[in-house]
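Reader: I'm new to this, so could you walk me through a protein structure feature by feature?
Author: Sure, let's have a look at it together.

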Amino acid sequence: MIAEVFGTALFGVPVLLGLAGLLLPAGDGGRPRRRLAAGLGIAGAAIALAEVVFLLVAGSDPVEFGAEVVRFGDLPVTFGVSLGPAALYVALAVTVVALLVQIYSVGYLHDDPRYAPYAAQISIFTGAMLMVVAANDLILLLVGWEIMGACSYLLIGHDRRLPEAPRAAVKAFLVTRVGDVGFLLGIALLGVSAGSFRIADVLAAPPEHLTIALLLILAGVAGKSAQFPLHTWLPDAMAGPTPISALIHAATMVAAGVYVVFRLFPLFARSPGALAVLGVMAAITLLLGAFSATAQDDLKRVLAWSTVSQIGYMTGALAVGAPAAALFHLLTHAAFKALLFLAAGGVIHAVGTNLMSRMGGLRTHMPVTFWSFVIGLGALAGLPPLAGFWSKENVLVAAAHATEGHGPAPAWVGWVVWLAGLLGVAITAWYATRLLLRTFFGHPRSRTEQWHVGFDDARYERGDGAPHDPPALIRWPVLLLTVPAALLGLIAFVPAFRSALELEAPHLSVSVVLPMLLLALGAGSSWWLWHTAPGADPALALGRLRPFFAAGFRIDDLQDRFLVRPVRAFATALRIVDERVVDAAVEGTGTSATRFGTVLSTAHRAALPRAAVAVLAGALVLGVVAAIYGAGS
């Protein structure tokens, strides 16, 4: 009974406290209202975190329960929870990041008049992700999935000062909806075939057309987790507040797709075709995101493209039949990506812009932020012994084993993922080093009238003094995240953790030599370019490819030309047909009836002699017609 209460409250408490926060009146409302809004937001995340810790420490058996709440014909829909050790570790990452983001936001948005709905929406967003993690039924999972989409729309478009924000919010909403159409159809196909939407029942009764159902599921995964070709919304979503970027990229929205494939992996393991599609999608996404990150000037867009690439590592691990490696990288990525985004917020707060071309020389003025970036970027690049090294190595080892054809996926999928992963190591090290050098080394850029190009979502008034580390409410969440970003990878040596995820023991064999050489090559070449031309952007070496990479291979333009414009033209044509044909027919019918009625009314009001003549004339005409008809028959 206690487990059932805790399992339900895991996502119920943040959602309820978030809804209570939405009841607060709009506007700033002064310090008391801000304190109440902050209290509700922090309490929701803190209570959920305490529940996860309790279940991890006290619970020996997985929490599993459900009750039927509605029936679609013969298909029951259950409301319940399925929380095994792996789900609890993901829930732990979600709640820790959500709690730190809530605390960080109190300082970061300290004078934002719309802070109260912002904090409430984060609570609901967190509860929705926990619902996805804990759901034991595909319909309940879909509810959390869609609530996350709605909350991301509100949070990305939070800052109404920025013209980019509402546009990015609409784009994120529409692109993810495209994938969700397939996701919904896939869930329907799986549920109808199994006669139930309970995940355990679905896993036990795969449908006849399994590959089709899984490809439909992958469409939703591509949208939510920003995978090719539905990745285009994520870089533009940087128009949202920086703490929201940390939450979406590290622990909630983009992780949801990876987690769903992890939950349904027994089905994917039976379909080499679906795994092959997933592997190709992962490899393209991994390299697409990495190359695009090399040419960005916007600090947050570098991290956004980096997320696209790192999610590619996770889906690549799933494609080669290593769901545990994918989940392990999801956990370490949650730590170091949340660290990087929150630290980036500190930089933006200090310099008033998010463009690296306006930064430089911050190392001495912002030592805490600098060393946080060193740890975060080192973990991102896979530098030993930081967290990303162990998880990325696990993915590469799994891909290398898959090249021998022993896994559920074809051997060529292993080759594709392994080669893309290796190349991604070098590129990641290259752009991570460039980011560090451009932001924290070299000479400080002098401020000009164009200094504030880009946008500053921190809303701080700055003096003319040198930049400095952010205040405690912003600094401490960053410092706390440096611990898991540095040490979380070592948890792979803990047998209980490995058995919970069914993770293989860390490999420190000769297989790590090649990734380390590639890492050194990427970081060294970036540093050499910087050292050869001090102060110059290493991305200049990309030459004509730089604008192409900066534009994300112009996939946005292709989608606009071959998808958006034709859809708009079709919609315009439909509108014209509706206005000039359908509306014209309806209005014409009404006008004709009115005119006919007017004629009849005029005839009805005619004088008696004229009316009598008309009646006699009509009778005469009818008599003639009858005579002609009779003669003819």
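**Reading the features**

Author: Let's start with a hairpin: S1 and S2 form one with 2 residues between them, and Gly 73 in the turn has a positive phi of about 65°. Helices (H or I, at least four residues) and strands (E, at least two) are DSSP runs, numbered from the N terminus. Before we go on, this is a predicted model: local features need pLDDT of at least 70, side-chain atom pairs count only at pLDDT 80 or more, and totals for chains, interfaces and linings use all residues. Residues are numbered from 1 along each chain as its sequence is written, and side-chain values use heavy atoms, with hydrogens and water left out.

Reader: How many bridges join strand S1 to strand S2?

Author: Two strands pair if DSSP finds at least two bridges between them. Here strand S1 (residues 63–72) and strand S2 (residues 75–83) run antiparallel and are joined by 9 bridges. Within that pairing, Glu 64 stands opposite Ser 82 in S2.

Reader: Next, burial. Why is helix H11 described as largely enclosed by the rest of the structure?

Author: Buried means under 20% relative accessible area, exposed over 50%, and partly exposed in between (1.4 Å probe, protein chains only). In helix H11 (residues 253–263), 11 of the 11 residues are buried, so the helix is largely enclosed by the rest of the structure. Among them are Met 253, Tyr 259, Phe 262 and Arg 263.

Reader: And what is a nonpolar core?

Author: It's a set of buried Ala, Val, Leu, Ile, Met, Phe, Trp, Tyr and Cys residues joined through side-chain atoms within 4.5 Å. The largest one here has 190 residues, of which Trp 233, Phe 268, Phe 373 and Leu 501 touch the most other members. Helix H15 (residues 323–351) gives the most to this core, with 20 residues.

Reader: Which residues does Leu 501 touch, not counting those up to four places away in sequence?

Author: Contact means heavy atoms within 4.5 Å. By that rule, Leu 501 touches Ala 86, Tyr 89, Ala 324, Leu 327, Phe 328 and Leu 331.

Reader: Can I try a glycine? Is Gly 376 buried or exposed?

Author: Gly 376 counts as buried, because its relative accessibility is 0%. You'll find Gly 376 in helix H16 (residues 367–381). Leaving aside neighbours within four places in sequence, Gly 376 is in contact with Phe 336, Leu 339 and Leu 340. Take Leu 340: it sits 36 residues from Gly 376 along the chain, yet their C-alpha atoms are separated by 5.7 Å.

Reader: How many aromatic pairs are there?

Author: Rings of Phe, Tyr and Trp (its six-membered ring) pair if their centres lie within 6.5 Å; planes under 30 degrees apart count as stacked, over 60 as edge-to-face and the rest as tilted. The count comes to 20 aromatic pairs. One of them is stacked: Tyr 104 and Tyr 108, 5.4 Å centre to centre with 25° between the planes. Both lie in helix H3 (residues 85–108), 4 residues apart, about one turn of the helix. Tyr 104 is buried, with a relative accessible area of 0%, and Tyr 108 also counts as buried at 0%. An edge-to-face pair is formed by Phe 370 and Trp 371, at 5.0 Å centre to centre and 65° between the planes. Phe 370 is buried, with a relative accessible area of 6%, whereas Trp 371 is exposed at 53%. Ring pairs link Phe 370, Trp 371, Phe 373, Phe 440 and Phe 441 into a cluster.

Reader: What about the backbone? Which peptide bonds are cis?

Author: Most residues other than glycine have a negative phi, and most peptide bonds are trans. Here the bond from Phe 228 to Pro 229 is cis, with omega near 5°. Pro 229 has its place in the loop between helix H8 (210–224) and helix H9 (233–236). Another cis peptide bond joins Pro 384 and Pro 385, with omega about 0°. That Pro 385 lies in the loop between H16 and helix H17 (387–402).

Reader: And where does Glu 502 lie?

Author: Glu 502 lies in the loop between helix H20 (495–501) and helix H21 (513–532). Its phi is near 55°, a positive value in a residue other than glycine. At 69% relative accessibility, Glu 502 counts as exposed.
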